[in-house]
Amino acid sequence: RGGSDSTPSTGQPKLSDATQAVLSMVPVFALTDEKGRPVLMRSPSNETNAKQIPQQLFFTEVEVARAHAASIMKFGGDDKLQLRLATLNLGQVWQMRAADREIRVYADPREVHFARQLLLRAAGYQNSNETTDGTGVDFSNETAVAETSASIQKAIGVDLENDVPVFTVGVLNATLGEGGKVVQPWFLSFGDLVRAYVNSTTPSTDDEAEYQKQAQIALRKMLAVGETAVTTIAKLVEAMSSSEGASDVFIMPPSSSLTVLAQARQQQQQTQPSPNSPAASTAPK
């Protein structure tokens, strides 16, 4: 649950260059063994996986990938098993095809929970602690939120059970390039969207208490009906592919994943010899 089947269906047209460019900016993480071989997961037999084809999971959030790796190593029964993270981009994974495995992009379950809540709010539901008129749902109860939002998802054509949610706020856009092109950011992390919105709408202040007060006001506004839009990667790709709108969109990866990648690049640079070092000067060209 919380994954996105990214394998294109047979006959699906190739992604446009503009759509591919948007997806290529989103890092995803896969688990491998110490030799770089992908970790495949066995899934229960069902209507879409009657032959129990193994899954290869790609994660949009690095901490979720790490948690899966820790669980596998803990329950795998092999004390010597060492798993590693391989980094690709969503554009590469989106067009992967494999006869011997199912390719899936796995969403952060916390983001799926937030997306369901936002759909419920848009449909008029409130937190059960805030209402007594029969439209209440315990937003802290993942099962209740999932079950109640299922019919709404079906009605609007999104599938948070098997897709990856993305979030945006209409007033939060960015201007890029010398031409001043306006693009709409879609966030894989609802928390990142909240922080971006707070930073763009809250007056600058050194008073932490005042900042937190303004941040709470901004958060309540974001949770108001109609303020925050929710869709899925698949629906976003569909929209970009059916119009010229791909160049007007970009997808913001989770800040936690970007931080890890920046740290990895920094470590790699520190371990590489400098251009003026003896090792560098004698390296084969």
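Helix H4 passes helix H5 in a left-handed crossing in this predicted model. Two packed helices are described by the angle between their axes and the distance between the axes. For H4, which spans residues 109-122, and H5, which spans residues 142-156, the angle is about 65° and the axes lie 9 Å apart.

The residues that make this contact can be located on both helices. H4 contributes His113, Arg116, Gln117, Leu119 and Leu120. From H5 come Glu142, Val145, Ala146, Thr148, Ser149, Ile152, Gln153 and Ile156. By character, the residues of the contact of H4 with H5 comprise six that are nonpolar, five that are polar and two that are charged. Leu and Ile count as nonpolar, whereas Arg and Glu count as charged; the charged residues of the contact are therefore Arg116 of H4 and Glu142 of H5.

This helix pair belongs to a protein with ten helices and twelve strands. The protein has 285 residues, of which 39% count as buried. Its exposed surface amounts to about 16400 Å², and carbon and sulfur atoms supply 51% of that area. Contacts can also be viewed by separation along the chain. Among those between residues at least 6 apart in sequence, 72% join residues at least 24 apart.

Attention may now turn to the charged side chains. The protein contains nine salt bridges, including one between Arg104 and Glu102, whose closest N and O atoms are 2.9 Å apart. Both Arg104 and Glu102 are buried.

Another of the salt bridges joins Arg101 to Asp100, with 3.2 Å between the closest N and O atoms. Arg101 has a relative accessibility of 21% and therefore counts as partly exposed, because buried means under 20%. Asp100 is likewise partly exposed, at 45% relative accessibility, as the exposed class begins over 50%.

A further salt bridge is formed by the side chains of Glu227 and Lys221, at 3.8 Å from N to O. That distance satisfies the criterion because a salt bridge requires the nitrogen to lie within 4 Å of the carboxyl oxygen. Glu227 has a relative accessible area of 28% and is partly exposed. Lys221, with a relative accessible area of 41%, is also partly exposed.

Conventions. Residues numbered from 1 in each chain as written. Predicted model: local features only at pLDDT ≥ 70, side-chain atom pairs only at ≥ 80, totals over all residues. Heavy atoms only, no water. Helix = DSSP H or I, 4+ residues; strand = E, 2+ residues; numbered from the N terminus. Buried < 20%, exposed > 50% of the residue type's maximum accessible area, 1.4 Å probe, protein only. Contact = heavy atoms within 4.5 Å. Areas by Shrake-Rupley, 256 points an atom, 1.4 Å probe, with all protein chains shown as cover. Axes fitted to C-alpha atoms, helices over the stretch in contact; angles between N-to-C directions. Left-handed = near helix turned anticlockwise from the far one by under 90°.
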